[in-house]
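Student: I have a structure open and want to practise reading it. Can we go through it step by step?

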Amino acid sequence: MEFNVDKWMEELTFEEKCKFLTGYLALSSAKNERVGIPNIEMSDGPHGVRRLVGHPKFPQDCNIKGGDCCFPTASAVAASWNREVAYNAGEAIAEDCKQEGIDLLLAPAVNMKRTPLCGRNFEYFSEDPVLSGEMAAAFIKGVQENGIGTSLKHFAANNQELDRSSISVEIDERTLREYYLEAFRIAIEKGEPETVMCAYNKLGGIWCSENAWLLREVLRDEWGYEGLMVSDWGAVHNAPRAFANGMELQMPCNKSIYEDMLEGIEKGIITKEEIEKICRKVLSYLAHRLSKREGKKDYDRAAQHEKARAAAAECITLLKNEDKILPIDPAKYKKIVVFGNPAEKPIYMGGGSSHVSIEEKSVDIPLDFIKEYCAEKTELLFEPMFDCELSIWDKRARIRELGAEGGLAIVFAGDEIWHESEEYERRRLTFPDRVNDVLEYVNQYFENVVVVMQSGACTTGTGWQNGVKGLIQMWLAGEGGGKAIADILFGRVNPSGKLSETFMSRLSDHLLHFSDTKKIRYAEGMDVGYRYYDRNPADVWYPFGHGLSYTEFEYSDLEITPDYSTDEEGEVTVSFTIKNIGNRFGKEAVQIYVRPEDNTVCRPEKELKEFCKVALEAGESKRVELKLPARAFAYFNPFLHRWHVESGTYSILVAASSADIRLEGKYIVHNEKDYTVSQKGGAMVL
């Protein structure tokens with residue numbers, strides 16, 4: 001179907017045109033029945049469609065309609081280190097969008113995990129901008145190549161939920177460019193999202209919704225973005241200023257948009273011609289979206305569920321496997337005791353606007369599959385423990401009684417779903433006391449203990465972690481996580497997930513970044529995540545990129561081509577061999593880091609610049625080749641206002657994690673246009 005934007009523009013009055021600069025109620029664009037312009041429908045959904053029933057102004061006032069598929073959250077998807085997993089999740093969610101009549105999916109989110117206490121970290125991919133940006137780009141392609149639009153969010157520096165709608169974030173330009181904006185740049189360059197959504201907060205004292213430097217200079221002029229700029233819901237504070245500085249669609253409905261625009265024209269903030277131009281762009285986007293509508297087709301809900309299971313299986317991360325306690329051979333144990341309510345009622349997604357409209361009957365229950373895999377092989381007992389009527393002493397006595405009989409204990413540990421949610425910050429990184437108490441007692445009275453952690457972000461122990469033999473980060477694994485975790489526990493699937501963020505041993509003062517004032521300065525610069533822990537390893541429990549397998553991999557024969565360059569724009573090829581030296585099929589997430597050796601400006605010790613996932617049969621080897629662009633060696637020089645590659649030696653590190661470097665090579669740059677920064681902060685040509 002074709003739509004004539006020119007005709008629409010001719011027939012609409014100026015008042016009607018202004019109304020297309022805002023939405024219609026909660027999650028739809030404006031429409032005009034007189035001219036025959038339909039609206040498009042939107043939905044939240046980084047890990048599944050959140051279909052709402054009702055038409056109030058804000059989404060949180062609607063009721064959620066069930067039936068859609070819930071995939072692992074973004075932090076889990078990033079733990080797969082597999083772009084294909086992100087693409088497939090996007091593709092499947094696009095199918096649910098079609099079934100629900102959704103045109104635009106309000107996802108993905110690529111804000112950096114500045115602190116592990118941010119309640120929305122489960123919805124963000126990683127603490128690293130390259131991993132975040134690449135996974136987001138793959139997700140965007142999966143959605144958009146299957147007919148549904150996306151909205152990359154929240155642009156920019158929305159790194160806390162506390163006071164997010166009032167706070168001003170103060171960041172030096174270099175940190176902002178290299179860390180907080182880089183994931184957006186990568187996702188836009190490689191994924192080409194149809195829309196970008198601005199953040200609630202101020203950046204440098206100016207609301208993101210009306211920040212011309214952010215929305216025009218960086219997004220449009222430097223990055224060349226041509227899509228639609230959308231506000232977060234309620235993020236516009238002054239409509240004329242916002243539209244004059246780069247905003248193009250205010251959400252949700254602003255009933256006074258016409259009057260606001262007239263006032264803006266009268267005050268000289270914006271012109272009628274500028275408003276007409278924005279209206280044309282919005283109408284062009286509506287026409288594009290409407291032309292993509294396919295209508296409902298044959299829909300296989302069971303196939304969607306299998307896709308969610310497959311995604312979860314790639315994300316789940318094995319952290320510890322002492323004495324090779326995993327995979328479990330049930331015949332080896334006289335008895336297996338499963339502890340913890342989450343084994344029966346799994347925690348599979350976070351709260352807030354990303355809450356998926358799912359029917360509970362679609363959720364895989366870990367205990368059901370554990371029962372199946374243990375049937376006729378050993379005795380299986382289940383003890384909910386966390387939420388039960390037993391006193392703490394009765395719990396301890398019961399665990400001691402069970403432990404005296406020997407066997408294996410599997411503890412499923414988690415928290416309430418709203419502990420990780422939009423509009424809240426996490427109160428702690430540990431599990432609740434009632435969970436930690438059970439973990440302590442099980443660890444005390446059982447010799448063989450495996451703990452499965454269900455959380456969307458970093459969790460720390462309280463001492464119980466030291467004695468357990470097996471430890472798995474299940475993440476918030478979506479509706480298919482129950483079977484996926486059972487498959488990994490009992491060896492039907494070999495785990496291949498790796499941490500998408502650092503798991504620290506304790507919550508240090510360095511991480512207490514929140515501010516209850518109206519301004520917060522990111523004084524730590526780029527000392528976030530592994531960039532900080534590389535210099536403070538004592539605080540690390542499990543490092544960024546860590547994850548074990550039931551097989552082993554050997555890295556060898558590193559080649560770097562070329563190994564010397566005088567070209568600031570030169571590309572480097574990194575090739576090496578990886579071999580599965582174990583006795584079963586497995587997948588290895590390979591990470592490439594770059595470490596400057598002769599830098600004259602302060603830089604992180606090393607930074608992730610590329611990654612891939614390699615599948616290998618037992619005994620099989622493959623030659624892997626990855627490309628590093630010049631940007632991989634550059635830093636942003638705020639005095640020159642551009643990216644710059646310093647002359648010097650760079651170590652290229654091929655790694656199994658940020659703390660497990662397997663191969664190292666050198667790349668030398670002699671940049672004939674080199675600059676350095678003097679101690680006084682000025683730029684000087686050498």
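Tutor: What follows is a short round of questions on two helices and one strand residue. Keep in mind that the model is predicted.

Student: At what angle do the axes of α5 and α7 cross?

Tutor: Take α5 as residues 129-144 and α7 as residues 182-191. Their axes come within 8 Å. The crossing is right-handed. The angle is roughly 35°.

Student: How many nonpolar residues are in the contact of α5 with α7?

Tutor: Look at who meets whom. From α5, the residues include Val130, Ala136 and Ile140, and from α7 they include Ala183, Ile186 and Ala187. By class, the contact has four polar and four charged residues, and the nonpolar ones number eight.

Student: Is α5 largely enclosed or not, and how many of its residues are buried?

Tutor: Buried means under 20% relative accessible area. α5 has 16 residues. It is largely enclosed by the rest of the structure, because the number of buried residues is 15 of the 16.

Student: Which residue has a side-chain oxygen reaching the backbone nitrogen of Val130?

Tutor: Go to the start of α5. The oxygen lies within 2.9 Å of that nitrogen. It belongs to Asp128.

Student: Which side chain makes a polar contact with the side chain of Glu607?

Tutor: Glu607 is in strand β24, residues 607-616. Its relative accessible area is 6%, so Glu607 is buried. Among the residues Glu607 touches are Tyr530, Ile592 and Tyr593. The polar contact, at 3.3 Å, is with Arg531.

How values were computed
Residues are numbered from 1 along each chain as its sequence is written. This is a predicted model: local features need pLDDT of at least 70, side-chain atom pairs count only at pLDDT 80 or more; totals for chains, interfaces and linings use all residues. Side-chain values use heavy atoms; hydrogens and water are left out. Axes are lines fitted to C-alpha atoms, for helices over the stretch in contact, and angles run from 0 to 180 degrees between N-to-C directions. Helices (H or I, at least four residues) and strands (E, at least two) are DSSP runs, numbered from the N terminus. A crossing is left-handed if the near helix is turned anticlockwise from the far one by less than a right angle, and right-handed if clockwise. Contact means heavy atoms within 4.5 Å. Ala, Val, Leu, Ile, Met, Phe, Trp, Tyr, Cys and Pro count as nonpolar, Asp, Glu, Lys and Arg as charged, and the others, Gly among them, as polar. The expected span of a helix is 1.5 Å times one less than its number of residues. Buried means under 20% relative accessible area, exposed over 50%, partly exposed in between (1.4 Å probe, protein chains only). A polar contact is a pair of N or O atoms within 3.5 Å; within protein, one must be able to donate a hydrogen and the other to accept it, and residues adjacent in sequence count only if both atoms are side-chain atoms. Lists of a residue's contacts leave out its neighbours within four places in sequence.
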